[in-house]
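Here are a few short exercises to work through at your own pace. Try each task with the model open, then compare your steps with the solution.

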Amino acid sequence: IDILAMYKINTFHWHLTDDQGWRIEIKKYPLLTEIGHWREETMLGPYRDQKYDGIGYGGFYTQDQAREIVRYAAERYITVVPEIEMPGHAGGALAAYPQLGCTGGPYEVKKSWGVHKDVFCAGKDETLEFLKNVLGEVMEIFPSQFIHIGGDECPKDVWKKCDACQKRIKENGLKDEHQLQSWFITRMDEYLTSKGRRLIGWDEILEGGLAPQATVMSWRGIKGG
């Protein structure tokens, strides 16, 4: 944050959840930081080598610590934009609450990097309720206009085999799993908009149609932007 201030950069994008660990306290869901923060070991070197360090790794920020970071940044004219990943990169959350996935698990906090097929189930109302509750607590900590929901690198393999997801597609007249992701992101967009905030996500949220109020952060080139 000090370095950002020195260069007069006024936004700190804070990526707080991923397959390899959940890093922010959510009081309604304590298992996120009791279970979801810890991975057994970490991959070393190139993916093809499949080498691991054998050392457990974990840790998370309490809500009070996060508020202190927001305050510290604000004193230096920097806005903190939190990122809570969905519907992919959900390994940390699914390890803690396996019922939020299509198969029910068991899941583990991932030890390797890359794209993983364990994602939130878009067909379960419980998943939507969970993520809205999480975002509700996040908004109490972070006053930023934008709330980042990720949206990148979400394989659709389990959705194609999931009865709940296929039912959701049929009931809403959707064409495919890409449109299901758009439907899912739109629900989050509506929720954040109702709270006076704005959704921002990676350019994969364009696939299947862009949510009405969403802002795109294009990481795969300028075309998405």
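**Exercise 1. A bridge between helices**

Task: In this predicted model, find how far apart the closest N and O atoms of Asp125 and Arg168 are, and which helices the pair links.

Solution:
- Start with the atoms: Asp125 and Arg168 form a salt bridge, with 3.0 Å between the closest N and O.
- Next, place the partners: Asp125 belongs to helix α5 (residues 125–141) and Arg168 to helix α7 (residues 163–171), so the bridge links distant parts of the chain, 43 residues apart.
- Finally, check accessibility. Asp125 has 54% relative accessibility, and because exposed means over 50%, Asp125 counts as exposed. Arg168 has 9%, and because buried means under 20%, Arg168 is buried.

**Exercise 2. A charged network**

Task: Work out which residues are joined with Arg76 into one network by salt bridges that share partners.

Solution:
- Begin with one bridge: the side chains of Arg76 and Glu75 meet at 3.4 Å, N to O.
- Then widen the view: the network joins Asp2, Glu68, Arg71, Glu75 and Arg76.
- Compare accessibility: Arg76 is partly exposed at 27%, and Glu75 is also partly exposed, at 47%.
- Look at the ring beside the network member: the charged end of Arg76 sits over Tyr72, 3.5 Å from the ring centre.
- For context, the whole structure has 15 salt bridges.

**Exercise 3. Stacked or tilted?**

Task: Classify the aromatic pair Phe12 and Trp14, then the pair Tyr97 and Phe130.

Solution:
- The structure holds seven aromatic pairs. In one of them, Phe12 and Trp14 lie 5.9 Å centre to centre with 25° between the planes; planes under 30 degrees apart count as stacked, so this pair is stacked.
- Phe12 is partly exposed at 23%, whereas Trp14 is buried at 9%. Both belong to one aromatic cluster with Tyr61 and Phe142.
- For Tyr97 and Phe130, the ring centres are 6.0 Å apart and the planes meet at 50°, so the pair is tilted.
- Tyr97 is in the loop between α4 (91–96) and α5, while Phe130 is in helix α5, 33 residues apart. Tyr97 is buried at 11%, and Phe130 is buried at 2%.

**Exercise 4. Around Met139**

Task: Decide whether Met139 is buried or exposed, and list what Met139 touches.

Solution:
- Met139 lies in helix α5 and is buried, with a relative accessible area of 10%.
- Leaving out residues up to four places away in sequence, Met139 touches Ile147, Tyr191, Leu192, Lys195 and Arg197.
- Take Lys195: Met139 and Lys195 are 56 residues apart in sequence, with 8.8 Å between their C-alpha atoms.

Conventions:
Residues numbered from 1 in each chain as written. Predicted model: local features only at pLDDT ≥ 70, side-chain atom pairs only at ≥ 80, totals over all residues. Heavy atoms only, no water. Salt bridge = Lys/Arg side-chain N within 4 Å of Asp/Glu carboxyl O. Buried < 20%, exposed > 50% of the residue type's maximum accessible area, 1.4 Å probe, protein only. Helix = DSSP H or I, 4+ residues; strand = E, 2+ residues; numbered from the N terminus. Contact = heavy atoms within 4.5 Å. Phe/Tyr/Trp six-rings, centres within 6.5 Å; stacked < 30°, edge-to-face > 60°. Lys NZ or Arg CZ within 6 Å of the ring centre and 35° of its normal.
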